[in-house]
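Colleague: I am new to this model and would like a close look at a single part of it. Please take one helix, then work outward to what surrounds it.

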Amino acid sequence: MLAWTIYITFFGVLVLMLLPRDNARAARIVALLTAIAGCVVAFVGAIQQANPGDVTTIVKVPWIPSIGANYYLAADGISLVLVVLTGLAAVSGILFSWNIEKRTKEFFAFYLALIGGVYGVFLSFDLLLLFVFYELTIIPKYFLIARWGSTRKEYGAMKLALYSFVGSHLVLIGLIAAWVVAKGQLGHASLDLIELSKVAFPIAFQHWVFPLVFVGFAILAGMWPFHTWAPTGHVAAPTAGSMLLAGVVMKLGAYGCLRVAMVMFPEGVRMWQGEIACLAVAGIVYGAGVALVQRDFKFVIGYSSVSHMGFVLLGLATLNTIGLDGAVLQMFSHGIIAGLLFGVVGRMVYDRTHTRDFNDLETMQLGKLIPFAGVTFVIAGIASMGLPGFSGFVAEFQVLMGAWTVFPKLTILAGVGIIVGVAYTLRAVQKGFYSDAPPDAAHHDHPLEPISIPERFGAVMLIAASLVIGFFPSLLMNWIEPCFKSPLFERLLKGGAL
Amino acid sequence: MNHWLTILTLVPFIGGIVVAGLGAERKHLVRGLALATSLVGLGGAICLWLHFNAKSGDLQFVEKFDWVPTLGIQYFLGVDGLGALMVLLTAIVTPLAILASWNVEDRPHVFHALVLWLQAGLFGTFTALNFFHWFLFWELGLIPAFFLIKLWGGPKRGPAATQFFIYTMVGSVALLLSFLAIRLATGSFDFIELAGMAKSGVLTTKLQAAFGWKNIGLIIFFGAFLGFAVKVPVIPFHTWLSAAYSEAPSSVTMLLTGVMSKMGVYGFLRILLPIFPDQIRQVLTPLLWLAVATIVLSACAAFAQRDLKRIIAYSSINHLGYCLLALFAATAVATGVNNSDLQKAAALDGALLQMFNHGLTASALFLFVALLERRSGGLRGLDDFGGLRKIIPVFTGLMGIAIFSSLGLPGLNGFVGEFLIFKGVFPLAPWAAAISTIGLLVTAIFLLTLIQRVFCGPLNERWAKMPDLTTSERFLVLPSIALMFVLGIWPQFILGAVDATVVKLVQQLNF
Amino acid sequence: MNYLPVLQLAAPETIVTLTVLVVLGADLTVLRGKSLAARFNVGALLSVLGCASAACLAFHRHVDANLFNGILVVNPAVDFIKVAILALTVFTILISTGGKFTDHVGEYLAIILLATIGLMFLVSAEDLLMIFIALELASLSLYILTAFNKHNAQSAEAALKYFLFGGMSAAFLLFGFSLLYGLSGSTNLGEIAKAIAGKGLDPLLLVAIVTTVIGFGFKVAAVPFHLWAPDAYEGAPTPSAAFIGAGSKVASFYIVAKIFTLGFAGAEGSAVWHGYVAGWTPTIAVVAALSMVLGNLTAIVQSSVKRLLAYSAIAHAGYMLLGVLGNNPPSASALMFYVITYAVTVIGAFGVVTVVEEATGGDAIANFKGLSRRAPGLALCLMVFLLSLGGIPPLAGFIGKFFLFSAVVSVGGNLGLLWLVILAIAMSAVSFYYYLRVLKAAYVEDAAADAPAIKVPALTLLALALLAALVILLGCAPGLLTRYL
């Protein structure tokens, strides 16, 4: 059932390509219907899954037997959470892009192609298939930014594409090496993740392969110091692009770290655990600190994404159940919240005011002109700060709990990062919407277009998602938690379960 | 299973949503609905009080069920005497604050909604007994307060609001980290359970076992202490207060000083004392010093102020300092003192009473300042006025009562609390009590100075035509004044209800 | 002498020879006076028919024969390569139909077919003499094809460079072959192997290895024997360049693999990290590494798409040489998969360049601006081809690289050649940048406001669409091809 998310999305791409060139309306409707269909299928498929702890096979057919590759789609609880996130992000992204006029059908075609690839990554349990879907997402990303973006779009797009490509090639090296070694141990070639997770790779081998594969994926997750593509890319991208990039694509990297690097090389993780945690916390603090001094509204959000992903990586580095639970929940939570933040800044503010500079925005009194945007941003900011009641709190809570026993000093630093997070969010709220600067008379002559229905819908949808999970985290925890008790993660957690 | 407390918390929350949805146009509807909601809350709190079984020190109106079992998070509500008292205080101050802000013109629907949400957050904090959900309400209370200061405050409201928020957040993060550590070590977030562990000495051992540092208990205690110290506030974490209190609109300050500051003391009573008595004992002397410093230095600072609101703000710090003094003294294992239990009970009784009384008195004082500001067009400097008693005698009389209550005149409510505190603390920590009396002295000095400068002396011609209190305003201040007398003469009204709780707390600390 | 078996075994080649004659004859007689387009179309049709029938014959027969001790070796594997070469020829001819660079249609098509014949004999050869003869047949045809554009001085210059380089490398090759004959007493690859086995690394053998590498290195445009390639690709008429880059490569790599793995078996040495042993493996490893690095890095700064494709061809030659290095059956089949899919892709890419060149008068990256608006189908095909060259899944280029790299890394079982694969993957990542630059021009940048839509000749569009579909198909279901290799 869940595989249909992929197929429906790509079918949507096909339909979009066949539409007549200038009919923007038809393009939007087709895209929205496809995304909603995918989202519904994701929800239904996820709820139907009887046993989220186990990996439930969706389809497994031989693909290239000579190298042991199968067309193997499956899902466990972690996949379910991320698939649901993708569904939500896809729909809200389209709602926030309702106003794209320039070459609309191509925009949505690339957009849906990206979504389809993302669904594919989260559902693949064959390494080659996962890699294929992972690489597949790079091209639509590039075109979405280069063609429909704003500030330095071509540079931002190229930087993002190249970083992603380099990262995925680092992973490729590791994968091929692992495939060879596994072949020797298993006696036959295999790219099946579950089979490979049982192979005992030599320790010396894991010592260099694990960092290679982990860093390869972590580049896409925005790990410090390989994060520099993220702020530039997010700022350059059009709103829906940023929402997807920060919301979902960065999670591809983190998912790869968890599903591939950590599951296949458990001893390798342990060897590098401390370094990963240090880099993660560096990202948390650095991202927050730099966000505090930005003049461009979108850069604040871009750096805040780096900071939040630091929490995901910290959670992964704890190697205990609570930390890992928190990491996956943070992936979901930040996906929603980042989508909301970029939706407000990109669509509600920038598309109307055509500026993202705080010095200009301060004089516009946006809190009074577009109050819906102001309130939405405040709520999103509260969620982003990690205040209780929203999903971010539960996630960060668990990550910190998991990190305490293993890295107490780093945990305190992470706490400092949270405080800086409060500071930059407050600054953004103040300067962007509720500043006390004297209003500029020029702006009063041009009343801003009111917030449209699709924007309201998208915003409410995302806020509701964050609130629901904030108050009822069990909804997702019941999917995530059992996974870490399953055989797939046994070797990873042995000796560190909490 | 009854759901009193949940309903009590939900009423202002939903009321706030409805009010916000009404829009800026229907001002009268907005104000009326907000007032009605807060009065419903008051009714509910009074019902709670009446049904409260004063003889038992146990938790009542308990609601407890699992929320996220894997993380040890439960939805656990309950009140004992302390909780019921705080709920009542909140319920009394909120309608007064709403009435005081009747004339807010700028986006009244948002203003009143925020006030109601603040009330919901406060109700939630005072009734929650599991850390996660307590912390949720603790933090949730911050947001409305921030916006109330930021959007409707005075000229320097931006920095004041930001400072307030960030200070409190720093404390909250420290608190969060501490409790995460505790959960890791003990597997529990439940305050009651943790108190039990602390009493049997198991808590410290578990913490040491989990983390391997000998002094981990102390470090965790400091984290939690920071969270509450910022809120009360304790010197030296108080610097946010005078800016926030003076920039906030006066009705908001009523809430801030009347109830929100009690959150800090409540935290000490509900969380720090029962869970970390060992650690408090270890650092008792420095803590007592801090309490004394808070009392004395804030009084001196108040003396130096020129802005009425700032005077009362620093005076608030001073009054709460007495509560802290009582709390810390109550954990002392006093040697050579007969009936130390009795002394401790007295101190804690005094602290609780002081909390309630100060809430009442301080909010009344700020209300009076608001009324004065209305008449003076925003001026509230000490030197702006003079000889007002000739022009506005009723106002003078009523505000005078409030000031004397704050001063601690016998017969008014302020006296009883302070008396009990000193009665309890003197035997337990004599030198601390002795030095704190300086605070009493300085308070008297600056409050009398206030009366002298504002109301007595030569008439400031500028205010010759100042109108006295209108009938509606008299009705507004009447309840507070009445309560000041009632509680001054018959403190048993409160003490009767909380005594059992206090005794239980003392037993808790007795080891 | 009974020549019937020869004719039977060489039936595909014979058919193609007959086609040559038919085409030449038709162009001389029936088509005289018709328009250029008509002549090209009819001639193409005839050639395609001929090649198709030859391919069918080769595909369906299942013979195993070895005539004259290696002069003509026929077995299903070789036959499949021949089918591939014929298919590539067909596509090349299809994309050349819109060309306006020459009046001599019949001669052009005939020489392409002659080159094809040379290539077919090349893959059937296991004897040094036959290899050389077939190679020369193919090469000479290719030199002429390069010079075919008489209106353009660059074409002549390119052909001259190609010819001079080619001649010199042929001399080197012959020198090496004679040394081999001297060392072993035979010109048959198998016998040579037996003779030199166990003799250790004779200095003469070393020289023979080096000269053979030089000779074939030139043919496949590997560094440092690549200097002719950029000029040739740029100056030659684009369909010729396509053929040089595609069909010729397939045959060359097949025979290179055969010569080294079969003929020099026993003298491999080792190119393993920290395990250097002298032999042909380390020599080829060095050549491969240099090609990958130089090809990719120089391509970054190109502004002419044809030169960019030339340097990319040099880089890809480097990857393919890795397959030769593998020296075992999985590497060999991975190599052939890669070469064939690469050839298909390259013909497509050059096909697109042909159209754009004709329409806009140049092949600079700037000429591709706004292609997605001016010719959407063409731009889509271009995207498929360039992304496949860059190694983006699920296209054939990616799977080819994956097969190749994993086969090479498994050699020896202890990851000895991983250093080369790491280099290959790193350079592959670099290549993404310059392919993306062309796509950026096509999809992101806008053409000048008055730029008209580009009309693509029907046959060319058909060919390109088929090629693109093939690239995608082979990428998703490589089993379709690998089962023949």
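Modeller: The expected span of a helix is 1.5 Å times one less than its number of residues. This is a predicted model, and that rule can be tried on a helix of chain A. α4(A) has 20 residues and at 1.5 Å a residue should span 28 Å; its end C-alpha atoms are 29 Å apart, which agrees. α4(A) is also mostly covered, with 20 of its 20 residues buried.

The part to look at closely is α5(A), since α4(A) is among the elements that cover its buried residues. Helix α5 of chain A runs over residues 127-136. It is mostly covered too, and 10 of its 10 residues count as buried. The buried residues of α5(A) include four leucines at the start of the helix, A:Leu127, A:Leu128, A:Leu129 and A:Leu130. Also buried in α5(A) are A:Phe131, A:Val132, A:Phe133 and A:Tyr134, together with A:Glu135 and A:Leu136. The cover over these residues of α5(A) includes the strand β2 (69-75) of chain A. It also includes the helices α4 (104-123), α6 (138-148), α7 (153-186), α8 (193-197) and α11 (239-264) of chain A.

From here the path leads to the contact with chain C. That contact takes 27 residues from chain A and 27 residues from chain C. On the side of chain A that touches chain C, α5, α6 and α7 of chain A each supply at least two residues. The largest share of that side, 15 residues, comes from α7(A). By class, the side of chain A that touches chain C has 20 nonpolar, 3 polar and 4 charged residues.

Chain A also meets chain B. This second contact takes 26 residues from chain A and 24 residues from chain B. The elements of chain A that give two or more residues to the side touching chain B are α18 (391-406), α19 (408-432) and α22 (474-483). Of these, α19(A) gives the largest share, 10 residues. The residues on this side of chain A divide into 17 nonpolar, 7 polar and 2 charged. Of the 2 pairs of chains in contact, chains A and C share the most contacts. Chains B and C are joined by no contact, and their closest C-alpha atoms lie 41 Å apart.

The two partners of chain A can be described in turn. Chain C has 21 helices and 4 strands. Its radius of gyration is 22 Å, close to the 23 Å that the globule rule gives for 485 residues, so chain C is as compact as a globular protein of that length. Buried residues make up 64% of chain C. Chain B has 22 helices and 2 strands. For its 511 residues a compact globule would have a radius of gyration near 24 Å, and the 22 Å of chain B agrees. In chain B, 61% of the residues count as buried.

Last comes the nonpolar core. The largest nonpolar core has 627 residues, and those with the most contacts inside it are A:Leu313, B:Leu325, B:Ala326, B:Val425 and C:Val250. Leaving out residues up to four places away in sequence, A:Leu313 touches A:Ala218, A:Ala221, A:Met223, A:Ala254, A:Ile276, A:Ala280 and A:Gly283.

Notes: Residues numbered from 1 in each chain as written. Chains lettered and ligands numbered in written order. Predicted model: local features only at pLDDT ≥ 70, side-chain atom pairs only at ≥ 80, totals over all residues. Contact = placed C-beta atoms within 7 Å. Nonpolar A, V, L, I, M, F, W, Y, C, P; charged D, E, K, R; others polar. Core = buried A, V, L, I, M, F, W, Y, C linked by C-beta atoms within 7 Å. Buried ≥ 20, exposed ≤ 12 C-beta atoms within 10 Å, placed from the backbone. Rg over C-alpha atoms; globule rule 2.2 N^0.38 Å.
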